[in-house]
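Let's take a walk through this structure together. Have the sequence and the 3D view open, and follow along.

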Amino acid sequence: MPHTARLEKAHIQNIVANGYDFHHSRYCVLSITQVGAARQFLRALLDGGWVVSATASRAAAARLKAEQRCPVGIGFTFKGLQQLQLPSVYLRAFQDRAPAFAEGAYRRAAHRLADTGPSAAELWDSSFRPHTAHLFLTLHADTVAELDQAQTTLQQLAGDAFAPEGWTAAFQGGHLNHDRKKRRIHFGYLDGITNPLVNGLHAHAAHYAELKIAPQFHAPGEFLLGHDNDEGYNRWLLSSEDEPVRQFFANGSFSVFRKMAQDTAAFESFVDKAASDAPSADYVRAKLLGRWHDGRVLDATSPNQPGPDHTPQTNAELNDFDFSADKQGLGCPFGAHIRRMNPRADPVVPFRRRPLLRRGIPYGPAGGGADSDRGLLGLFFCASLEDQFEHLVSEWGNKNPFGTGIQGTAKDPLIGNHEGDGGQYDIPVGGGVNKPLTGFTPFITTRGTLYTMFPSLPALRVLSELPTA
Ligand code: HEM
């Protein structure tokens with residue numbers, strides 16, 4: 001009899017379950033050159049407590065810091081699992097149940113991720129080349145010096161397991177401001193307000209009852225393999241004859257690492273032009289995202305400026321809404337980034353939620369000069385790359401928005417691929433009338449995408465102990 005996995009918090013990598021709120025993250029895409037040494041490196045990470053689980057997160061992170069180390073997360077590309085000589089029964093299960101993972105982002109970029117023109121996979125940073133991208137290591141700490149120190153130790157542990165470029169070409173992310181509660185990203189928006197809550201993983205509903213908020217929790221199977229998703233479907237039901245295989249997948253998660261360069265000058269110039277025929281530049285910015293400068297969602301009762309009365313304090317409060325009271329899009333336009341990416345209870349969207357855990361961090365300096373490379377190192381987790389991440393990008397992000405009376409053709413204003421004429425973005429203003437915005441240019445260029453699987457801690461142990469063929 002096939003059965004579902006047990007949710008074991010102690011087995012789940014903390015970067016998946018909770019993430020870290022350190023100021024800096026570093027991401028290394030490593031290419032295995034010595035299989036035996038790579039496995040030994042994995043053993044050293046596990047034995048040394050570098051890979052922090054969801055139960056041990058705070059204490060373990062503090063201990064690592066005291067020892068001049070830092071918490072890490074680990075994912076593997078399909079190619080990386082092949083390199084480690086994972087037996088074919090496991091690899092076939094990936095090919096059958098997770099074809100996007102097995103194929104890799106590089107080959108799916110043009111048809112599933114709208115990565116064409118300057119975002120085409122052939123132009124991506126060399127770290128994302130499909131044959132050499134094997135292992136994805138995430139490091140988290142408050143300072144760059146701490147990350148340097150930890151990386152030096154990790155490189156010593158790795159010996160000659162990996163090609164040196166993976167270490168030298170590491171991607172460095174850092175928050176743009178130091179107030180953990182008010183982190184902004186390039187383009188000036190507040191981020192880190194929203195993340196899905198998962199049954200069995202996150203604070204119980206009673207915690208929110210005190211705040212008089214009843215958030216919706218997701219089933220673990222939206223993010224973790226081996227569990228039912230919100231629709232009661234479990235793609236990873238395997239018969240008990242395949243017990244080791246079943247255990248290998250249980251409590252793992254798929255991740256997407258996506259480096260997106262942001263052209264802040266192009267974005268600001270678009271906002272300025274649009275503002276000349278709008279209530280304000282803040283209005284334009286808010287109508288593109290769906291939240292005001294202070295994080296409050298746009299609602300139909302105060303469509304042109306943030307409501308005067310109440311400033312919510314907590315993320316839980318800023319999240320306590322859906323779009324059911326905004327059926328005309330008079331507050332939040334149908335095409336706005338957050339309404340597309342998470343329609344919540346939107347009366348105009350067929351009900352299939354496709355949640356993503358978001359753990360991204362900006363890179364490059366704050367400001368708008370054209371001199372520097374800057375953007376977002378997006379890191380997303382989900383249980384189905386096809387039904388979640390790819391669907392959000394290709395269907396919800398790069399096609400016409402849903403919505404009553406919408407004529408517009410613009411893609412997601414922030415992340416859509418605005419090659420060509422960029423289309424028309426409709427802001428509903430009442431009486432069936434839309435205020436059209438045109439003149440979109442590419443604000444974002446994809447510099448690379450990597451699909452990896454973040455195994456549970458026991459599955460990492462399996463990988464580290466595979467016998468040499
Ligand atoms: C440089 C690129 C991007 C920028 C500037 C950006 C910006 C933002 C901002 C400012 C928020 C609101 C903050 C919050 O609610 O915590 C947000 C929310 C969100 N974004 Fe993005 N984003 C980018 C890329 C992406 C991509 C590639 C995806 C997925 C395909 C994505 C999916 C989401 C989701 C799911 C939310 C939460 C919506 C909600 O639950 O209300 N974003 N984004």
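**A guided tour**

Our starting point is threonine 445, which lies in strand β13. Keep in mind that you are looking at a predicted model. Is threonine 445 buried or exposed? It counts as buried, because its relative accessibility is 18% and the cut-off for buried is under 20%. Leaving aside residues up to four places away in sequence, threonine 445 touches Pro118, Ser119, Lys259, Met260 and Ala261.

Strand β13 turns up again when we look at helix α5, which covers residues 88–97. Here the buried residues are Tyr90, Leu91, Ala93 and Phe94. Looking down the axis of α5, you'd find these buried residues within an arc of 155°, so they line one face of the helix. And what lies over them? The cover includes α4 (78–83), α6 (99–103), α11 (243–249), β7 (253–262) and β13 (444–454).

Helix α7, residues 105–112, can be read in a similar way. Its residues Ala105, Arg108, Ala109 and Arg112 are buried. Seen down the axis of α7, the buried residues fall within an arc of 135°, so they too line one face of their helix. Which residues are exposed on the other side of α7? Those are Arg107, Ala110 and His111. The buried residues of α7, meanwhile, pack against α6, α16 (385–397) and, once more, β13. After α7 comes alanine 114, which has a positive phi, near 55°.

Now for the inside. The largest nonpolar core has 65 residues, and Phe94, Phe101, Leu137, Phe162 and Phe249 are those with the most contacts inside it. Which helix gives this core its largest share? That's α2 (residues 35–47), with seven residues. We already met Phe94 among the buried residues of α5. Phe101 has a long list of neighbours: setting aside residues up to four places away in sequence, it touches Phe76, Thr77, Phe78, Leu81, Phe94, Phe254, Leu385, Tyr451, Thr452 and Met453. There is also a second, separate core of 34 residues, and Phe128, Phe136, Phe171 and Phe223 are among its members.

Tryptophan 236 is worth a stop too. Look for it in the loop between β6 (217–218) and α11. Tryptophan 236 counts as buried because its relative accessible area is 5%. Its C-alpha atom is separated by 4.8 Å from that of glycine 226, although the two residues are 10 residues apart along the chain. Residues up to four places away in sequence aside, the contacts of tryptophan 236 include Ala93 and Phe94, both of them buried residues of α5. Phe249, one of the residues with the most contacts inside the largest core, also touches tryptophan 236.

Next, the aromatic rings. A pair of rings is described by how far apart the centres are and by the angle of the planes. The count here comes to 35 aromatic pairs. In one of them, tyrosine 20 and phenylalanine 22 are stacked, at 5.9 Å centre to centre with 20° between the planes. Both partners count as buried, tyrosine 20 at 19% relative accessibility and phenylalanine 22 at 17%. Tyrosine 189 and phenylalanine 267 have ring centres 6.2 Å apart and planes at 65°, so their pair is edge-to-face. Tyrosine 189 lies in the loop between β4 (171–174) and β5 (197–198), while phenylalanine 267 is in helix α12 (residues 264–275), so this pair ties together parts that are 78 residues apart in sequence. These two rings belong to buried residues as well, with relative accessibility of 7% for tyrosine 189 and 0% for phenylalanine 267.

Ring pairs also link a cluster made up of Tyr27, Tyr106, Trp124, Phe128, Phe136, Phe171, Phe257, Phe381 and Phe454. Some rings have a charge for company instead. The charged end of arginine 344 sits over the ring of phenylalanine 321, at 3.9 Å from its centre. Arginine 69 lies over the face of tryptophan 50, at 5.0 Å from the ring centre.

Our last stop is the ligand. Which residue is the only protein donor of its iron atom? It's His337, through NE2, at 2.1 Å. You'll find histidine 337 in helix α15, which covers residues 337–341.

Conventions: Residues are numbered from 1 along each chain as its sequence is written. This is a predicted model: local features need pLDDT of at least 70, side-chain atom pairs count only at pLDDT 80 or more; totals for chains, interfaces and linings use all residues. Side-chain values use heavy atoms; hydrogens and water are left out. Donors are N, O and S atoms within 2.8 Å of the metal (3.2 Å for Na, K and Ca); water is not among the atoms, so sites may look incomplete. Helices (H or I, at least four residues) and strands (E, at least two) are DSSP runs, numbered from the N terminus. Rings of Phe, Tyr and Trp (its six-membered ring) pair if their centres lie within 6.5 Å; planes under 30 degrees apart count as stacked, over 60 as edge-to-face and the rest as tilted. Buried means under 20% relative accessible area, exposed over 50%, partly exposed in between (1.4 Å probe, protein chains only). A charge sits over a ring if NZ of Lys or CZ of Arg is within 6 Å of the ring centre and within 35 degrees of the ring normal. The arc is that of the directions from the helix axis to the C-beta atoms. Contact means heavy atoms within 4.5 Å. A nonpolar core is a set of buried Ala, Val, Leu, Ile, Met, Phe, Trp, Tyr and Cys residues joined through side-chain atoms within 4.5 Å.
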